[in-house]
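I opened the model to see how its parts fit together. My notes follow in the order of the look-ups.

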Amino acid sequence: MVWCQAIRRRRRERNLGPGTRFASHDEGGASAVEFALLLPVFILLVMGALQFAYVVFIRHELYSAAQQVCRQLALGAETAVSARAELRSEMARLAATGTLEIVPPTPTQDARVELREPLGSLLGTGLFEPLVTGQEIPLRVVYRSIGRTN
């Protein structure tokens with residue numbers, strides 16, 4: 001019986017170090033600490049992915065609207081004033097505040113729509129604002145007009 005206790009004590013000291021009499025192998029708190037350390041990183045990654053997807057969506061919507069307006073201009077179905085109003089209403093729907101340039105077609109020039117949207121205005125949170133300050137989303141759509149001679 002004594003030799004069994006000696007073997008158990010040696011095993012315990014080898015596993016836990018000398019002088020350790022009682023040991024608790026409860027590691028439930030370790031997973032909570034790991035979770036607390038990784039949660040902010042995970043949230044940052046998810047927020048970044050959502051912001052990126054939103055910017056791509058807004059760019060696509062603005063490009064589609066600019067393409068439609070430019071096509072109507074090239075076909076002669078709209079004037080520059082009505083095209084600007086239509087594109088401004090689409091920009092307002094998307095909460096875009098960029099600059100807009102519409103060039104109506106002439107006999108020597110194609111119809112052109114240019115839009116520059118500041119990237120910082122599209123981000124709903126200020127989380128990534130310092131990274132995108134001064135950057136823009138440039139959009140340029142050109143359609144060859146029907147009446148162009150050269």
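**Entry 1: ground rules.** I count two residues as in contact when heavy atoms lie within 4.5 Å. The model is predicted.

I tried this on V113 straight away. Leaving out residues up to four places away in sequence, V113 touches A66, V69, C70, L73, L87, L100, E101, I102, L139, R140 and V141.

**Entry 2: the layout.** I listed the secondary structure next. The protein has five helices and three strands. Read from the N terminus, the order is α-α-α-β-β-α-α-β.

Then I took the totals. The protein has 150 residues, and 26% of them count as buried. The exposed area is about 10,500 Å², with 60% of it from carbon and sulfur atoms. I also checked contacts between residues at least 6 apart in sequence: 57% of these join residues at least 24 apart.

**Entry 3: the core.** Which residues have the most contacts inside the largest nonpolar core? I found L62, L100 and V113, in a core of 27 residues. I then asked which elements give two or more residues to this core. They are α2, α3 (80-93), β1 (99-103), β2 (111-118), α4 (119-122) and β3 (136-143). Helix α2 gives the most, with nine residues. I noted the general background too: in soluble globular proteins, nonpolar side chains tend to be buried together.

**Entry 4: a nonpolar patch outside.** I looked for nonpolar side chains on the surface. F35, L39, F42, I43, V46 and L50 make a nonpolar patch of about 590 Å². I picked I43 for a closer look. I43 sits in helix α2, which spans residues 28-75. Is I43 buried or partly exposed? I43 counts as partly exposed, because its relative accessibility is 45% and the partly exposed class lies between 20% and 50%.

**Entry 5: salt bridges on the helices.** I counted six salt bridges. As a general point, side chains of opposite charge can pair when their charged atoms come close.

I started with E61 and R93, which form a salt bridge with the closest N and O atoms 3.1 Å apart. This pair links distant parts of the chain: E61 is in helix α2 and R93 in helix α3, 32 residues apart.

R93 has another partner. Its side chain also meets that of E90 in a salt bridge, 2.6 Å from N to O. R93 and E90 both lie in helix α3, three residues apart, which is about one turn of the helix. I checked the accessibility of R93 as well. R93 is exposed, because its relative accessible area is 52% and the cut-off is over 50%.

**Entry 6: salt bridges on the strands.** E101 and R112 form a salt bridge, with 3.2 Å between the closest N and O atoms. The pair joins distant parts of the chain: E101 in strand β1 and R112 in strand β2, 11 residues apart. Are the two partners buried or partly exposed? E101 is partly exposed, at 37% relative accessibility. R112 is buried, with a relative accessible area of 18%. I followed the shared partners further: salt bridges join E101, R112, E114 and R140 into one network.

**Entry 7: strand pairing.** β1 and β2 pair in the antiparallel sense over five bridges. Within this pairing, E101 stands opposite E114 in β2. β2 and β3 also run antiparallel, joined by eight bridges. For R116, the bridge partner in β3 is P138.

How many of the eight residues of β2 are buried? Six are, so I noted β2 as mostly covered.

**Entry 8: P118.** I ended on a proline. P118 lies in strand β2. At 31% relative accessibility, P118 counts as partly exposed. Leaving out residues up to four places away in sequence, P118 touches G98, Q135 and E136. I also took one distance to another proline. The C-alpha atoms of P118 and P138 are separated by 8.7 Å, with their positions 20 residues apart along the chain.

Key. Residues numbered from 1 in each chain as written. Predicted model: local features only at pLDDT ≥ 70, side-chain atom pairs only at ≥ 80, totals over all residues. Heavy atoms only, no water. Helix = DSSP H or I, 4+ residues; strand = E, 2+ residues; numbered from the N terminus. Buried < 20%, exposed > 50% of the residue type's maximum accessible area, 1.4 Å probe, protein only. Areas by Shrake-Rupley, 256 points an atom, 1.4 Å probe, with all protein chains shown as cover. Patch = residues over 30% accessible without salt bridge, like charges linked within 9 Å, V, L, I, M, F, W, Y side chains within 5 Å. Salt bridge = Lys/Arg side-chain N within 4 Å of Asp/Glu carboxyl O. Core = buried A, V, L, I, M, F, W, Y, C linked by side-chain atoms within 4.5 Å. Pairing = 2+ DSSP bridges.
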